[in-house]
Amino acid sequence: MTTSPKNTLRVLGFMTGTSLDAVDMAVIETDGHDILSFGPAGEMKLDGETRAIIEDAIEDAFDWERDEEEPDSFEDSRMAVADAHLAAALGFMAVNGVKSGALDLVGVHGQTVLHEAPTPERPGRTVQLIDAISVAEGLGVPTAFDFRSADVAAGGQGAPLAPVYHAALVRKAGMSGPVAVLNLGGVGNITLIRADGHLEAFDTGPANGMVDLLVQSRMKKRMDEGGRLAAAGTVDQAVLDAYLAHPYFAATGPKSLDRFDFSLDPVASLSLEDAAATLTAFAAQAVALGVARCSEQPKEIVVCGGGRHNPVLLAAIRDRVGAPVSTAENKGWRGDSIEAEAFAFLAARCRLGLPISFPGTTGVPAPMTGGRIVEPGAE
């Protein structure tokens, strides 16, 4: 295999989010500290059959007790997710002229089907499904995976993990803290890069996830495209206040959420438009509460993730936070690829023995490494 000079690694990273929309891919070169260059990026949409297999695993995860063996659907999902990653990777590499021998490493997050944050009563639990051995064999490249388990076993939240990459992006853009990077996926999460460079991070609350589930339950669509439903509706203040009364918002970080930690039941009696408007306002107000809880107030907030494409959500956030809000593209970043890039970066840090989670980001007692690497032919 052709390797990069010194500690520079060329890594292909993958991410599949809780929206079950696509496999995102991106190549970066990094020494584990800084981003040295950006390679190609792309996506492959998940087909309906693969989504259905994953949705079965998610449904079974709801009823999976801690003392039981894992559901059979988990293994089906592992293989389906691995097959989707391989198909996506091979097509992506062919189109972009990326050869396996030019890659030092692959980083795969896998598909989250369960995330339970730790509580005083019970330890945390998190499950990301993918057959990493199949990916390593299919691509012929060492593959890093299972980035969250060690953090959870050490008492951490297991999320968010992208903050150390957000900090690298901020450095590459020549920005100085305090700066916040806000990711709007199924769940929102915020990274504060403080003036002294230290990191704080936590999940702000639901972002796209609840609106997606609402639309999927009432229409043959997967999301509120362009925020059009929310724009046509009226916020139900009583429902919004009830959502915001949840104790999660009174807690300080580090803290994390699962996409399904909040129910759609409170908006069940509302029209589709009013429900979308209320859930969008909920996501925006959750961000504002999160920003207010940061130890330093950011002088700028940079938004990445799918939610930045929703102008109604973005406008609602701008109305509620006391700082300028820009998008990833304003900084020359690839907003749809940041999470795939992040897991390429985390894979490199895993290979180099560098920490990927920190007391201020997941609540672990000390900075800690994480992830496992499987080599081709390891079976």
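This is a tour of one predicted model, stop by stop, with what to select at each.

Residues are numbered from 1 along each chain as its sequence is written. In this predicted model local features need pLDDT of at least 70 and side-chain atom pairs count only at pLDDT 80 or more, while totals for chains, interfaces and linings use all residues; side-chain values use heavy atoms, with hydrogens and water left out.

**Stop 1: the sheet**

Select β3, β2, β1, β4, β7 and β13 (strands are DSSP E runs of at least two residues and helices are H or I runs of at least four, both numbered from the N terminus). These six strands form an open sheet in the order β3-β2-β1-β4-β7-β13, with mixed pairing. Two strands pair if DSSP finds at least two bridges between them. At the edges stand β3 (35-45) and β13, each with a single partner strand, so one side of each has no neighbour in the sheet. From one strand to the next the twist averages 20 degrees (axes are lines fitted to C-alpha atoms, for helices over the stretch in contact, and angles run from 0 to 180 degrees between N-to-C directions).

Now show β2 and β3 alone. They pair in the antiparallel sense over eight bridges. Within this part of the sheet, A26 stands opposite A41 in β3.

Add helix α3 (residues 132-139). This helix packs on the sheet and touches β1, β4 (105-108), β7 (143-145) and β13. The direction of α3 makes about 160 degrees with that of β7. Then add α11, which also packs on the sheet, touching β1, β2, β3, β4, β7 and β13. The direction of α11 makes about 130 degrees with that of β1.

**Stop 2: the annotated site**

Select G17, T18, S19, L20, D21, A22, V23 and D24. UniProt, in an unreviewed entry, places the feature "binding site" at these positions. UniProt positions are given in the numbering used here, feature names are shortened, and annotations may be inferred rather than shown by experiment.

Start with G17, in the loop between β1 (9-15) and β2 (22-30). G17 is partly exposed, with a relative accessible area of 25% (buried means under 20%, exposed over 50%, and partly exposed in between, using a 1.4 Å probe and protein chains only). Leaving aside neighbours within four places in sequence, G17 is in contact with A22 and Q111 (contact means heavy atoms within 4.5 Å).

Move on to D24, which is in strand β2. With neighbours within four places in sequence left aside, the contacts of D24 are G13, F14, M15, G42, E43, D336 and A340.

**Stop 3: S357**

Select S357, in the loop between α11 (338-352) and β13 (372-374). S357 is buried, with a relative accessible area of 1%. Show its side chain together with that of D151: a polar contact of 2.7 Å joins the two. A polar contact is a pair of N or O atoms within 3.5 Å; within protein, one must be able to donate a hydrogen and the other to accept it, and residues adjacent in sequence count only if both atoms are side-chain atoms. Beyond neighbours within four places in sequence, S357 is in contact with D151, L161, T362, V364, A366, P367 and M368.

**Stop 4: helix α6**

Select residues 209-218, helix α6, where G209, M210, V211, D212, L214 and V215 are buried. To see what covers them, add β10 (199-206), α7 (228-232), α8 (237-244) and α9 (272-293), against which the buried residues of α6 pack.

**Stop 5: salt bridges**

A search of the whole structure finds 17 salt bridges (a side-chain nitrogen of Lys or Arg within 4 Å of a carboxyl oxygen of Asp or Glu). Select R78, which forms a salt bridge with E70, the closest N and O atoms being 2.8 Å apart. E70 is partly exposed, with a relative accessible area of 32%. R78 also forms a salt bridge with E75, where the closest N and O atoms are 3.1 Å apart. E75 and R78 are three residues apart in helix α2 (residues 72-96), and are therefore separated by about one helical turn. E75 is partly exposed at 37% relative accessible area.

Next, select E225 and R228, whose side chains meet in a salt bridge (3.6 Å, N to O). E225 is partly exposed, with a relative accessible area of 43%, and R228 is exposed, with 55%. Salt bridges that share partners also join D21, E43 and K45 into one network.

**Last stop: D83**

Return to helix α2 and select D83. D83 is partly exposed, with a relative accessible area of 45%. Finish with a distance: the C-alpha atoms of D83 and G156, 73 residues apart along the chain, are separated by 30 Å.
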